[in-house]
Amino acid sequence: MAGVVRKPHHPGQTSNAVIQTPMKLQNRIGLGAVALTIAAFVWSSGLCMAADKAIMDPTGTWKLATINAETKAKSPERTLKLKLEGGKLTGTIDGRSEINGKVKIFEWPIKDTKLKGNDISFTVTHAPVYGNGPDSTTVYEGKITGDTMKGTAETEWSGNTHKRDFEAKRVAQ
């Protein structure tokens with residue numbers, strides 16, 4: 001009989017009695033199991049992707065350097081301290097100036113912080129490190145991957161804008 005599978009009615013049966021199961025029904029049962037397996041895989045993959053979109057915790061001390069677009073030279077490292085608490089990101093970044101052999105270290109708070117998944121942004125505004133003049137504002141935007149943060153830093157000072165890349169590494173505690 002074409003399209004019919006013949007199998008014993010009971011596993012230990014020795015008679016010639018058989019139940020005929022149409023192939024279409026077996027195929028539907030087989031396809032249903034395959035569809036269920038695929039659905040379970042897709043659902044669990046969605047959970048993994050959702051976990052990847054969870055907020056990354058950038059808490060810790062980072063060593064940050066900007067990169068000159070033309071020469072690829074890195075600036076002296078700055079210390080960026082971040083803390084994520086109750087869904088709010090706070091922190092500070094240091095600055096340094098050297099005039100006539102005198103070194104002065106500054107520490108400024110970060111503000112306008114945003115953290116979504118592994119995307120991070122924050123702003124630093126400060127008065128000139130020496131002399132008088134308008135405040136300088138730098139907007140940092142980047143992505144965190146593990147203990148590395150990469151992105152761009154755009155500084156506006158006295159009507160001029162300067163954009164460069166930055167890279168930061170989290171310091172092991």
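Tyrosine 140 is buried, with a relative accessible area of 2%. The model in which this residue sits is predicted, and the report below starts from its aromatic side chains before turning to the sheet and the charged pairs.

## Aromatic side chains

Phenylalanine 166 is likewise counted as buried, at 2% relative accessibility. The ring centres of tyrosine 140 and phenylalanine 166 are 5.5 Å apart and the ring planes stand at 80°, so this pair is edge-to-face; the cut-off for that class is over 60 degrees. Tyrosine 140 belongs to strand S9 (residues 136-145) and phenylalanine 166 to strand S11 (residues 160-170), so the contact ties together parts that are 26 residues apart in sequence. Phe122 joins Tyr140 and Phe166 in one aromatic cluster.

A search of the whole structure finds three aromatic pairs. In one of them, the rings of phenylalanine 106 and tryptophan 108 have centres 5.6 Å apart and planes at 5°, so the pair is stacked. Stacking calls for planes under 30 degrees apart. Tryptophan 108 has a relative accessible area of 11% and is buried, and phenylalanine 106, at 17% relative accessibility, also counts as buried. The cut-off for a buried residue is under 20%.

## Overall make-up and the sheet

The secondary structure of the protein amounts to one helix and 11 strands. Along the sequence these elements follow the pattern β-β-α-β-β-β-β-β-β-β-β-β. The protein has 173 residues, of which 24% count as buried. It exposes about 12,100 Å², with carbon and sulfur atoms supplying 57% of that area. Among contacts with a separation of 6 or more, 31% are between residues 24 or more positions apart.

Nine strands make up an open, antiparallel sheet, in the order S6-S5-S4-S3-S11-S10-S9-S8-S7. Its edges are strand S6 (102-109) and strand S7 (111-116), each of which pairs on one side only. From one strand to the next, the twist averages 25°.

Two of the strand pairings can be followed residue by residue. Strand S5 (residues 88-99) and S6 are antiparallel and share eight bridges. Serine 97 has lysine 104, in S6, as its bridge partner. The hairpin of S5 and S6 has two residues between the strands, and asparagine 100 in this hairpin takes a positive phi near 50°. Elsewhere in the sheet, S9 and strand S10 (residues 148-157) run antiparallel and are joined by 10 bridges. Here valine 139 is matched with glutamate 154 of S10 as its bridge partner.

## Charged pairs

The structure holds seven salt bridges. Three of them are set out in the table, each with its closest N to O distance.

| Lysine | Glutamate | N to O distance |
|---|---|---|
| Lysine 74 | Glutamate 167 | 3.6 Å |
| Lysine 83 | Glutamate 85 | 3.7 Å |
| Lysine 150 | Glutamate 167 | 4.0 Å |

Glutamate 167 forms salt bridges with lysine 74 and with lysine 150. Through shared partners, Lys74, Lys150 and Glu167 are joined into one network.

Where do the members of the network lie? Lysine 74 is in the loop between strand S3 (60-67) and strand S4 (78-85), whereas glutamate 167 is in strand S11, so their salt bridge ties together parts that are 93 residues apart in sequence. Lysine 150 is in strand S10, and its pair with glutamate 167 of strand S11 links distant parts of the chain, 17 residues apart.

The accessibility of these side chains can be given as well. Lysine 74 counts as exposed at 52% relative accessibility, while lysine 150, at 48%, counts as partly exposed. The cut-off for an exposed residue is over 50%. In the pair formed by lysine 83 and glutamate 85, the lysine counts as partly exposed at 43% relative accessibility and the glutamate as exposed at 54%.

Notes: Residues are numbered from 1 along each chain as its sequence is written. This is a predicted model: local features need pLDDT of at least 70, side-chain atom pairs count only at pLDDT 80 or more; totals for chains, interfaces and linings use all residues. Side-chain values use heavy atoms; hydrogens and water are left out. Rings of Phe, Tyr and Trp (its six-membered ring) pair if their centres lie within 6.5 Å; planes under 30 degrees apart count as stacked, over 60 as edge-to-face and the rest as tilted. Buried means under 20% relative accessible area, exposed over 50%, partly exposed in between (1.4 Å probe, protein chains only). Helices (H or I, at least four residues) and strands (E, at least two) are DSSP runs, numbered from the N terminus. Two strands pair if DSSP finds at least two bridges between them. Axes are lines fitted to C-alpha atoms, for helices over the stretch in contact, and angles run from 0 to 180 degrees between N-to-C directions. Contact means heavy atoms within 4.5 Å. Accessible areas come from the Shrake-Rupley method with a 1.4 Å probe; for residues, only the protein chains shown count as cover. A salt bridge is a side-chain nitrogen of Lys or Arg within 4 Å of a carboxyl oxygen of Asp or Glu.
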